[in-house]
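Work through the exercises below with the model open. Try each task before reading its solution.

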Amino acid sequence: MEIVTAVAAKVIAKCRVIGGLAIVENASDETALIEAVPPDKFLERESQLLKKAIEWLPRLPFKECDLLIVDRIGKNISGTGMDTNVVGRKYNDHAATEKDTVRCMRILVRGLTEETHGNACGIGLSEFTTEKAVAMVNHKITAINCITGNHPMGG
């Protein structure tokens, strides 16, 4: 955060930034808020809007479960295949931490979305999957995505 703050101040000063446009999505992946923000309020407003975005995240209807069955994962759902904010694997691939709001003991992935074109990035966050899901995996695309995303265990 220190680096971002220092760099942002220099960019704003050198590039004569006159404002920014904040866009926050809701749980349905729709634009819920658009707001013009003056440069001197970027950091303050970013912090406030991040809290709002977290409030608007999709949620499971429970805080804990022994087994979460995920019907489909895919890049069109989340960059990690399944939203780690929702399933409780944001800080540790195979267990919820005290920072996670949901604690799912185990996750089973049943398949991939058609739109992900075989990219199974995120399947490595689950403990179980199906033969059907494995058959849908494009190993080359998945490997490239996981390696370039610096998270090879995700696939």
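Three exercises follow, on a sheet, a pocket and aromatic rings.

The model is predicted: local features need pLDDT of at least 70, side-chain atom pairs count only at pLDDT 80 or more, and totals for chains, interfaces and linings use all residues. Residues are numbered from 1 along each chain as its sequence is written, and side-chain values use heavy atoms, without hydrogens and water.

**Exercise 1. Find the strand order of the open sheet, and say which strands stand at the edges.**

Step 1. Take strands as DSSP runs of E, at least two residues, numbered from the N terminus. Pairing requires at least two DSSP bridges between two strands.

Step 2. Read the order: β3-β4-β5, paired in parallel. β3 and β5 (128-129) each have a single partner strand, so one side of each lacks a neighbour in the sheet.

Step 3. Check one pair. Six bridges join β3 to β4 (residues 103-109). L67 stands opposite R106 in β4.

**Exercise 2. Describe the largest pocket and its lining.**

Step 1. A pocket is an open set of points on a 1 Å grid over the protein atoms alone, where a 1.4 Å probe fits, with protein on both sides within 12 Å along at least five of seven lines; lining residues have an atom within 4 Å of a point.

Step 2. The volume is about 440 Å³. Of the 22 lining residues, A27, P58, I77, D83 and V86 are closest to the centre.

Step 3. β3 supplies the largest share of the lining, three residues.

**Exercise 3. How many aromatic pairs does the structure hold?**

Ring centres of Phe, Tyr or Trp (its six-membered ring) must lie within 6.5 Å. The count is zero.

Key: Points joined across faces, edges and corners; volume = space filled by probe spheres on them. Helix = DSSP H or I, 4+ residues; strand = E, 2+ residues; numbered from the N terminus. Phe/Tyr/Trp six-rings, centres within 6.5 Å; stacked < 30°, edge-to-face > 60°.
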